[in-house]
Amino acid sequence: MTTMATTEAITKEIHVDATPETAFKVFTERIGEWWPLEQFSVFQGDTTVAFEGDRIVERLGDQESVWGTVLAYEVAGRVRFTWHPGRPGDDEPTEVEVTFTADGDGTLVTLVHGGWDQLSEEKRAGRVDYDNGWPLVLGRYAALAS
Amino acid sequence: MAYAQALQALGDPTRRSVLEELRDGPQAVGEIASRLPVSRPAVSQHLRVLKEAGLVTERQDGTRRLYRVDPDGLAGLREYLDGFWEEALASFKAAAEAEERRKK
């Protein structure tokens, strides 16, 4: 069965030739500069994304879409946030944790996107409006798999 | 890629509702339509699109035609998600390393 596989956390590791301080700063404060918005955004067009206080917010003109809420923020160490792009009012989102660990002269960045199996039956039965397809995939597809 | 068609299929909110109705097991068109504010022919049409996108399979059970979620289709979406994070992190790496070089 694929059920188990589809509810496991997704884990990605990447080595970055930069200090944990720099890596953390670029990940959080400058997400709008590297996030592939042209392919992965809620709005279409000239859109932006940024950590604003404890929220991750995409903006296009006067439109805004909250992608997640920061749960932990340890400078040069880790950032953890809820993850529900395209579903601003989601009360049971999946979660993403990114850790920054010194690795030689650089940093090992580990991203874990989990919480797929935490979605309650009530939630899974709910009707949530998505702006388009990819946020569904990012935040919710596995709810269909059990 | 298959996921592109799946994503397109999932772009419609009603179609997502139809798919979510199948979460708890195989069902016939009438059963799905009875729980959604959508006509039976409309549900049939959505199921056809979901089937073409590889997200749903159908089988005949006596006189009834039952639809169910296709786990393989969902696995394809997971691959897509996996690739998404890979691409996002590669872009992040380039930005972080450029910043590090700038500082030196």
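The fold of chain B is described below, followed by two local features of chain A. The structure is a predicted model.

Chain B contains 5 helices and 3 strands. Read from the N terminus, its elements follow the order α-α-β-α-α-β-β-α. The radius of gyration of chain B is 19 Å, whereas the globule rule gives 13 Å for 104 residues, so the chain is more spread out than a compact globule. Along the principal axes, the C-alpha atoms of chain B occupy a box of roughly 75 × 25 × 20 Å. Buried residues make up 36% of the 104 residues in this chain. Among the contacts in chain B with a separation of 6 or more, 51% are between residues 24 or more positions apart.

The three strands of chain B are linked through S3(B), residues 64–69. Strand S2 of chain B, residues 56–61, pairs with S3(B) in the antiparallel sense over 6 bridges. Within this pairing, B:Gln60 lies opposite B:Arg65 of S3(B). The hairpin formed by S2(B) and S3(B) has 2 residues between its strands, and B:Gly62 adopts a positive phi near 65° there. Strand S1 of chain B, residues 27–28, also runs antiparallel to S3(B), to which 2 bridges join it. On this side, B:Gln27 has B:Tyr67 of S3(B) as its bridge partner.

In chain A, helix H2 spans residues 20–29 and contributes the buried residues A:Pro20, A:Thr22, A:Ala23, A:Phe24, A:Val26 and A:Phe27. The cover over these buried residues includes elements of both chains. From chain A, it includes strand S1 (10–16), helix H3 (31–34), strand S5 (78–83), strand S6 (94–103) and strand S7 (106–114). From chain B, helix H5 (71–103) takes part in the cover.

A contrasting environment is found at A:Glu38, which is located in the loop between H3 and strand S2 (48–52) of chain A. A:Glu38 has 10 other C-beta atoms within 10 Å and is therefore exposed, the cut-off for this class being 12 or fewer. The C-alpha atom of A:Glu38 is separated by 9.9 Å from that of A:Thr48, a residue 10 positions away along the chain.

How values were computed: Residues are numbered from 1 along each chain as its sequence is written. Chains are lettered from A and ligands numbered from 1 in the order in which they are written. This is a predicted model: local features need pLDDT of at least 70, side-chain atom pairs count only at pLDDT 80 or more; totals for chains, interfaces and linings use all residues. Two strands pair if DSSP finds at least two bridges between them. Helices (H or I, at least four residues) and strands (E, at least two) are DSSP runs, numbered from the N terminus. The radius of gyration is taken over C-alpha atoms; the globule rule is 2.2 Å times the number of residues to the power 0.38. A residue is buried if 20 or more other C-beta atoms lie within 10 Å of its own, exposed if 12 or fewer, and partly exposed in between; C-beta atoms are placed from the backbone. Two residues are in contact if their C-beta atoms, placed from the backbone, lie within 7 Å.
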